[in-house]
Amino acid sequence: MEQLKGRIIYKGKGEGEALVTTQPISFYGGVDPETGIVIEKGHELEGQSVKCKILVFPQGKGSTVGSYTLYRMKKSGTAPAGMINKECETIIAVGAIISEIPCVDKIDISKFKTGEKIRIENGVVTKQ
Amino acid sequence: MQLTKQEQKMLDGAEGYAVQKSMEILTALGEIFGAKSLIKVGSVQVAGVSYHNLGDAGLEFLNELAKDGKVKVLTTLNPAGMDLENWQQLGISPEFAEKQNLVIEAFERMGILVSCTCTPYLIGNLPLYGEHLAWSESSAVTFANSVLGAKTNREGGPSALAAAFIGKTPCYGLHLDENRVPDIHVQVNAEIRKLSDWGALGFAIGKKAENKIPFITGIKSVDLDELKSFCASVVTYGAKPLFYMKGVTPGAELQAQPKETITIEQTDITNAYDTINDDVSGIELVCVGCPHCSINEIAKVAELLKGKTVAEGTEFWVATSRNVKQLADKRGYTQVIEAAGAKFACDTCMAVAPLKGRFKSLATTSAKGCFYSRQNNMKTKMGSIEECVDSAVTGKWNS
């Protein structure tokens, strides 16, 4: 079991399969909140669902309304189980806090591969 | 980030859910951006008001906060998705209106003034020079930082709300003088004549000074309405929400002119119009008031519309705050404008109202308005108030 320690953006525990991208994500307009599927044209993850995944991406982008989109996804059960960022910014940080989704950053995200089983617990990421 | 004992207690939940959530947001942002402490803010401007953007989840979040959340400082509100009184005339559905009203009621329970305008500085939320704020709404943030010399980052809806419940914001970014130093000297050689030229200038500078703080020289004269339009445009098209304009904005005299220089020539202004303007002649919607109209702009619309009639198949919206509309009522401008068949759109605007699919083309004075209307699949034309009124009366763009 490999462990990586990051900075806690929002506390708590989350477990799931990793979904990894090297591209920033815009939750407002870029992800369908009803299904959790990435809909941004040309995005690496276009067509894939973030639902219940540990979503690994460098940071958020786009409109600040994206924080509310994450909240909406959490309420409809389409949100990721956790988020790992290279460098978190306002939209994702605020989204994680108001939606209570475990989130860590300052982690080398190149160490993760899509499909790996991952657990986040209070800032510590464990590959299982 | 260092918290005081009282702040730590708020973070631990001693003052309830809204205060705790707010402290979680503010401390997380403070940590991310390297703030050393929280600082007091003089006022807050909250964006994220249109039900069109919030959806049911956003509404639910606001209702949660409104249970025990009360603002601690003067807090004003951005435009909603509809005119709160006159929504039927603007073609808003009763279902949307019902939800939008629930959003507004949640904000009212928090003690927020339901000002519903992007120009809070025109209706009584007027910051002082050097005052710290937590404002969202990029055009107002730019106006407060640049024209007034106040200090605010560009907040999102939830982080502005959090600051309102605490009365403080983390001290980083544009709150610190070392981050307010201009990066690039912009010499304006072009002639800037009509209102929309200021939007075009904002476009040209925003694109050339992306993510920088411009120090602008060569401006011979400018008024409030022109600065309002410029602020909205320059930040929409890429600059930081702060600029200095030599001889115009406060604090410009305290800054050294940056060495890196770019110029804005007449061709840059022409190019801005060419990029913003689409190939379209029939106009279905004309809108002035992005940012919201001042009383002077409404007076001009009334003067130009007097005795004329808006063309069949074209709608003409004058977007403004309810307060300014009341001044227009008293001066008789409203009567003239409505007699011509134009409509007031108070509390809302073309950027946040649910307009997708309703209009195919737009004429406006606003470069920012054009940017957001493209997301609603509208073809856009930008021009002076005269050109906009003319397109409303003839139903087509004539320049």
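**Interface, pocket and cavity in a two-chain model**

In this predicted model, 20 residues of chain B are in contact with 19 residues of chain A. Putting the two chains together buries about 1,800 Å² between them, and carbon and sulfur atoms give 67% of that area. The polar side of the interface is there too: the count is six residue pairs in polar contact between chain B and chain A, with both partners at pLDDT 80 or more. Looking at where chain B's share comes from, three helices each supply at least two residues of the side that touches chain A, namely helix 2 (17-32), helix 3 (51-68) and helix 6 (157-166) of chain B. Helix 3 of chain B gives the largest share, eight residues. Sorted by class, this side of chain B has 11 nonpolar residues, along with four polar and five charged ones.

On to the charged pairs. Three salt bridges are found across the interface of chain B and chain A. One pairing across the chains joins K11(A) to E24(B), whose side chains meet in a salt bridge at 3.4 Å, N to O. Both K11(A) and E24(B) turn up again in the lining of the second largest pocket.

That pocket has a volume of about 240 Å³, and residues from both chains line it. From chain A come I8(A), I9(A), Y10(A), K11(A) and I97(A), while chain B brings M1(B), L3(B), L11(B), E24(B), T27(B), A28(B) and E31(B). Two elements give two or more residues to this lining: strand 2 (7-10) of chain A and helix 2 of chain B. Helix 2 of chain B gives the most, with four residues. So much for the contributors; as for class, the lining of the second largest pocket has eight nonpolar residues, one polar and three charged.

Strand 2 of chain A also has a part in a salt bridge within its own chain. Here R7(A) in strand 2 pairs with D105(A) in strand 8 (residues 103-105) of chain A, and the two residues are 98 apart, linking distant parts of the chain. The side chains of R7(A) and D105(A) meet at 2.8 Å, N to O. Over all chains, the count comes to 29 salt bridges.

Turning to enclosed space, the structure holds two cavities of 30 Å³ or more. The largest cavity has a volume of about 100 Å³. Its lining is made up of L195(B), D225(B), K228(B), S229(B), V288(B), G289(B), C290(B), P291(B), C293(B), E297(B), T365(B) and I385(B). Helix 8 (224-236) and strand 10 (285-293) of chain B each supply at least two residues of this lining, with strand 10 giving the most, five residues. The class count for the largest cavity is six nonpolar, three polar and three charged residues.

Two backbone details in chain B round things off. The first involves C290(B) and P291(B), both in the lining of the largest cavity: the peptide bond from C290(B) to P291(B) is cis, with omega near -5°. P291(B) sits in strand 10 of chain B, the element that gives the most to the lining of that cavity. The other detail is N211(B), which has a positive phi of about 60° although it is not a glycine. N211(B) lies in the loop between helix 7 (195-208) and strand 7 (214-217) of chain B.

Terms used:
Residues are numbered from 1 along each chain as its sequence is written. Chains are lettered from A and ligands numbered from 1 in the order in which they are written. This is a predicted model: local features need pLDDT of at least 70, side-chain atom pairs count only at pLDDT 80 or more; totals for chains, interfaces and linings use all residues. Side-chain values use heavy atoms; hydrogens and water are left out. Contact means heavy atoms within 4.5 Å. Buried area is the accessible area (1.4 Å probe) that two parts lose on being put together, summed over both. A salt bridge is a side-chain nitrogen of Lys or Arg within 4 Å of a carboxyl oxygen of Asp or Glu. A polar contact is a pair of N or O atoms within 3.5 Å; within protein, one must be able to donate a hydrogen and the other to accept it, and residues adjacent in sequence count only if both atoms are side-chain atoms. Ala, Val, Leu, Ile, Met, Phe, Trp, Tyr, Cys and Pro count as nonpolar, Asp, Glu, Lys and Arg as charged, and the others, Gly among them, as polar. On a 1 Å grid over the protein atoms alone, a cavity is a set of points where a 1.4 Å probe fits but cannot get out, and a pocket is an open set with protein on both sides within 12 Å along at least five of seven lines; lining residues have an atom within 4 Å of a point. Grid points are joined across faces, edges and corners, and a volume is the space filled by probe spheres set on the points.
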